[in-house]
Amino acid sequence: MKLSEIKNHLQQLETIAFQLPNGELVPNHFHVTEVGKITKHFIDCGGTVRKEEVVNFQLWNANDYDHRLHPEKLMHIIELSEKTLGIEDLEIEVEYQADTIGKFGLDFDGTNFVLTTKQTDCLAKDNCGIPEAKPKLQFSDIPTGNSCEPGSGCC
């Protein structure tokens, strides 16, 4: 989800909820402790220099159970961050504390903002000798029947 998309959703909501990939909700007394721009400048294993930028939201829980972040307050934090940090309409990455800091993508299901799983990947598979994934077949796609009858030439 891009920054412009969350802003559009926030304008339609009365409350904010974030849902973890396992379906559990982030406790509703969460804080958004950071909104920023993260720049990753790196070289992949194939020698290509790359640069990625994302908007980062950090969600945090404290034991102030009466706290509730309202959509207009998050919108204000986002707008201040855009103005002060020069943030563009980038993809959003969400950090949330579990056993360690987890990084998630962001989606919206019509009610909740959904934290989506992210995976590592090799960006230079062609240079690393990683074969392309073979198409997976379903057993139901394999022809059945008497295709290997005696005298059919299949054996």
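Accessible areas here come from the Shrake-Rupley method with a 1.4 Å probe. On that basis, the chain has an accessible surface of about 10900 Å², and carbon and sulfur atoms contribute 50% of that area. Please keep in mind while reading that this is a predicted model.

**The overall fold**

Let's start with the big picture. The chain holds three helices and six strands. Followed along the sequence, these elements come in the order α-β-β-β-α-β-β-β-α. The chain has 155 residues, and 32% of them count as buried. Among contacts with a separation of 6 or more, 65% join residues that are 24 or more positions apart.

**Salt bridges**

How many salt bridges does the chain have? The count comes to six. Three of the pairs are set out here.

| Pair | Closest N to O distance |
|---|---|
| Glu82 and Lys7 | 3.0 Å |
| Glu88 and Lys37 | 3.8 Å |
| Arg50 and Asp44 | 2.7 Å |

Take Glu82 and Lys7, which form a salt bridge. Glu82 belongs to helix 2 (residues 71-85) and Lys7 to helix 1 (residues 3-12), so this salt bridge ties together parts that lie 75 residues apart in sequence.

The salt bridge between Glu88 and Lys37 also links distant parts of the chain, 51 residues apart. Glu88 sits in the loop between helix 2 and strand 4 (92-97), while Lys37 is in strand 2 (residues 30-43). Glu88 has a relative accessibility of 41%, so this residue counts as partly exposed. Lys37 is partly exposed too, at 31%.

Is each partner in the Arg50 and Asp44 salt bridge buried or partly exposed? With a relative accessible area of 27%, Arg50 is partly exposed. Asp44, at 9% relative accessibility, counts as buried because the cut-off for that class is under 20%. Elsewhere, Glu93, Lys103 and Lys118 are joined into one network by salt bridges that share partners.

**A patch of negative charge**

Now for the surface. Which residues gather in a patch of negative charge there? They are Glu5, Asp89, Glu91, Asp107 and Asp109. One of these, Asp107, lies in strand 5 (residues 101-108). The relative accessibility of Asp107 is 41%, so Asp107 counts as partly exposed. That value also fits the patch rule, because patches are made of residues with over 30% relative accessible area and no salt bridge.

Key:
Residues numbered from 1 in each chain as written. Predicted model: local features only at pLDDT ≥ 70, side-chain atom pairs only at ≥ 80, totals over all residues. Heavy atoms only, no water. Patch = residues over 30% accessible without salt bridge, like charges linked within 9 Å, V, L, I, M, F, W, Y side chains within 5 Å. Salt bridge = Lys/Arg side-chain N within 4 Å of Asp/Glu carboxyl O. Lys, Arg positive; Asp, Glu negative; His and termini not counted. Charge placed at Lys NZ, Arg CZ, Asp CG, Glu CD. Helix = DSSP H or I, 4+ residues; strand = E, 2+ residues; numbered from the N terminus. Buried < 20%, exposed > 50% of the residue type's maximum accessible area, 1.4 Å probe, protein only. Contact = heavy atoms within 4.5 Å.
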